[in-house]
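Got your viewer open and the cartoon view switched on? Let's take a walk through this one together, one selection at a time.

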Amino acid sequence: MKTLLQPGDKVKIREDIRDKHKYKMKTNNREDMYILHSMVDPGAIVTIKKIVHDTYRLEEESLCNYTDEMFELDLIEYLYEEYLNNK
């Protein structure tokens with residue numbers, strides 16, 4: 001599956017991210033649960049390390065899966081529009 005972000009990309013965790021809320025991958029609608037205590041702080045700038053099972057793993061924290069909607073929404077919406085236009 002093609003993802004909006006690639007290894008090496010730097011992105012910001014959304015400021016309004018909520019504990020135990022489901023966030024989707026835009027390109028496949030996969031949902032993962034956000035668990036606040038083990039993930040990077042809201043508003044942090046992070047680097048995508050690799051893609052695992054169609055989700056993102058970060059340089060700063062390697063245990064949790066991250067999805068598109070966990071990152072700054074303006075950037076993700078822009079990248080998703082580009083994805084749809086080039087599909």
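## Stop 1: the sheet

Start with the 3 strands that make an open sheet, in the order E1-E4-E5, with antiparallel pairing. Before you click, know that you are looking at a predicted model, where local features need pLDDT of at least 70, side-chain atom pairs count only at pLDDT 80 or more, and totals for chains, interfaces and linings use all residues. Residues are numbered from 1 along each chain as its sequence is written, and side-chain values use heavy atoms, with hydrogens and water left out.

Two terms will help here. Strands (E, at least two residues) and helices (H or I, at least four) are DSSP runs, numbered from the N terminus. Two strands pair if DSSP finds at least two bridges between them. As a general point, strands of a sheet pair through backbone hydrogen bonds, either parallel or antiparallel.

Which strands are at the edges? Select strand E1 (10–12) and strand E5 (55–58): each of these pairs on one side only.

Now add strand E4 (residues 45–52), which pairs with E5 in the antiparallel sense over 4 bridges. Pick Ile51 and you'll find Tyr56 of E5 opposite. Ile48 has a bridge partner in E5 too, namely Leu58. On the other pairing, E1 and E4 run antiparallel over 3 bridges, and Val11 stands opposite Val46 in E4.

## Stop 2: two bends in the backbone

Zoom in on the hairpin of E4 and E5, which has 2 residues between the strands; His53 there takes a positive phi near 50 degrees. Next select Asp54, in the loop between E4 and E5. Asp54 is not a glycine, yet has a positive phi of about 60 degrees.

Is Asp54 buried, exposed or partly exposed? The relative accessibility of Asp54 is 29%, so this residue counts as partly exposed. The cut-offs are under 20% relative accessible area for buried, over 50% for exposed, and partly exposed in between (1.4 Å probe, protein chains only).

For another positive phi, jump to Lys20, in the loop between E1 and strand E2 (22–24). Lys20 has a phi of about 55 degrees although it is not a glycine. With 62% relative accessibility, Lys20 counts as exposed.

## Stop 3: the rings

Show the aromatic side chains. How many aromatic pairs does a search of the whole structure find? The search finds 3. Rings of Phe, Tyr and Trp (its six-membered ring) pair if their centres lie within 6.5 Å; planes under 30 degrees apart count as stacked, over 60 as edge-to-face and the rest as tilted.

Select Tyr66 and Phe71: their ring centres are 6.3 Å apart and their planes are at 20 degrees, so this pair is stacked. Both Tyr66 and Phe71 are buried. Add Tyr56, and you have a cluster of Tyr56, Tyr66 and Phe71 linked by ring pairs.

Move on to Tyr80 and Tyr83 in helix H1 (residues 73–85), which are 3 residues apart, about one turn of the helix. Both Tyr80 and Tyr83 are buried. While you are there, select Lys26, whose charged end sits over the ring of Tyr80, 4.8 Å from the ring centre. That wording applies if NZ of Lys or CZ of Arg is within 6 Å of the ring centre and within 35 degrees of the ring normal.

## Stop 4: the core

Which residues touch the most other members of the largest nonpolar core? Tyr56, Tyr66 and Phe71 do, among its 20 residues. H1 gives the most to this core, with 3 residues. A nonpolar core is a set of buried Ala, Val, Leu, Ile, Met, Phe, Trp, Tyr and Cys residues joined through side-chain atoms within 4.5 Å.

Keep Tyr66 selected and show what surrounds it. Leaving aside neighbours within four places in sequence, Tyr66 has contacts (heavy atoms within 4.5 Å) that include Ile13, Met25, Met39, Val40 and Leu58.

## Last stop: Asp32

Finish in strand E3 (residues 31–33), the place of Asp32. Asp32 has 14% relative accessibility and therefore counts as buried. Not counting residues up to four places away in sequence, Asp32 touches His21, Lys22, Tyr23, Thr55, Asn65, Thr67 and Met70. Try your distance tool from Asp32 to Leu79, 47 residues apart along the chain: their C-alpha atoms are separated by 20 Å.
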